[in-house]
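Morning, everyone. I have one structure to walk through today. Please look at the screen.

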Amino acid sequence: MNGAARMATIWKLLADRRVRFGIGGLLVIALVAGWMAWKSGVDLAQLKSLWQRCNAYLARHPAALFWAIVFLPALPIPTSALLFTAGVVWRERPVMACLLCLLAMALNLSWTYWVAARPGRGWVEKFLATGSFRIPDLPRGDHLKLILIMRLTPGFPFFVQNYVLGFMRPPFFLYLPVSLLCSGVIGTGIVLSGVGLADGKLMPALTGISLIVVGAVFTHLVRGWLAKRKNGGVKAETL
């Protein structure tokens, strides 16, 4: 399936009346929830204060912090803040802090994938069952490309990346290591930055910043490679 065919499939899915109704319903729910929060007097300052209290609780309970990294990134909650807190809390053992965070991230990547791939996709397929449209399976050659695009394109929140990739069902044993590599380099850098800043030690902080830079450079290089492959494919189709 070439790029034009994939885009046509996506537009066909979005054009389905039931899909648009479902998306519209989710937007209405989000707007109503925001309106109710505003009418209740909840503002950004209160949300910030709530996060600070939650952060302080996690700092006092390391076990809860581990499970928070496993579960909370499935919601619109900044994963980087949790990883930085982990670096501060586990600063006495920075290597163990990094390993625990990578394990927690791997668990999060795993369970969100399967939730989206099984009950999530099954619900959508049943929703579309009465019509003629069927969700296509990705060609084998597009699996890695999809994972890299989702993980390395700015603007996609971490939890959205997980659910979309799970929904599209690339092979799990390709999805997990590639996703962990893409997210783990910068994630480890954030953890070590927290370690260095908490203890006032230069080396962990510099190592953390270096890993973040390496992750950014890696992202830039892979995105350039994907763009070249895309342009090469377009030229081949026009010949």
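Let me start with a convention. When I give a helix axis, I mean a line fitted to the C-alpha atoms over the stretch in contact, and angles run from 0 to 180 degrees between N-to-C directions. Keep in mind that this is a predicted model.

Now apply that to a pair. Helix α7 covers residues 143-152, and helix α8 covers residues 158-168. Their axes come within 9 Å and cross at roughly 165°. Angles over 145 degrees count as roughly antiparallel. So α7 and α8 are roughly antiparallel to each other. What is the hand of the crossing where α7 passes α8? It is right-handed.

Next, α7 with another partner. The axes of α7 and α9 come within 10 Å. They cross at roughly 30°. The cut-off for roughly parallel is under 35 degrees. Therefore α7 and α9 are roughly parallel to each other. Here, too, α7 passes its partner, α9, in a right-handed crossing.

Let me step back to the whole chain. It has ten helices and zero strands. Along the sequence the pattern reads α-α-α-α-α-α-α-α-α-α. The chain has 239 residues, and buried residues make up 33% of them.

Back to α8. Which of its residues are buried? They are F158, Q161, N162, L165, G166 and F167. Look at the spacing on screen. An α-helix has 3.6 residues a turn, so residues three or four places apart point the same way.

Just after α8 comes R169, with a positive phi of about 60°. That is a positive value in a residue other than glycine. R169 is found in the loop between α8 and α9. Is R169 buried or exposed? Neither label fits: its relative accessible area is 30%, so R169 is partly exposed. The band for that label lies between 20% and 50%.

Follow the chain into α9, residues 172-199. L197 lies in this helix. L197 has a relative accessible area of 61%, so it is exposed. Its link to V88 spans the sequence: the two are 109 residues apart. In space, L197 and V88 are 7.8 Å apart, C-alpha to C-alpha.

Now helix α5, residues 79-89. How many of its eleven residues are buried? Eight are, and the helix is mostly covered. The buried set is T79, A81, L82, L83, T85, A86, G87 and V89.

Take V89 from that set. V89 and P62 are 27 residues apart in sequence. Their C-alpha atoms are 7.0 Å apart. P62 sits in helix α4. P62 counts as partly exposed because its relative accessibility is 36%.

Last, the surface. W67, F71, L103 and L107 form a nonpolar patch there. Together they have about 400 Å² of accessible area. Which elements give two or more residues to the nonpolar patch? They are α4, residues 62-71, and α6, residues 94-128. One patch member, L103, lies in helix α6. Its relative accessibility is 44%, so L103 counts as partly exposed.

To recap the packing: α7 is roughly antiparallel to α8, and α7 is roughly parallel to α9. On the surface, keep the patch of W67, F71, L103 and L107 in view. I'll take questions now.

Definitions and conventions:
Residues numbered from 1 in each chain as written. Predicted model: local features only at pLDDT ≥ 70, side-chain atom pairs only at ≥ 80, totals over all residues. Heavy atoms only, no water. Helix = DSSP H or I, 4+ residues; strand = E, 2+ residues; numbered from the N terminus. Buried < 20%, exposed > 50% of the residue type's maximum accessible area, 1.4 Å probe, protein only. Patch = residues over 30% accessible without salt bridge, like charges linked within 9 Å, V, L, I, M, F, W, Y side chains within 5 Å. Areas by Shrake-Rupley, 256 points an atom, 1.4 Å probe, with all protein chains shown as cover. Salt bridge = Lys/Arg side-chain N within 4 Å of Asp/Glu carboxyl O. Parallel < 35°, antiparallel > 145°, perpendicular 65-115°, else oblique. Left-handed = near helix turned anticlockwise from the far one by under 90°.
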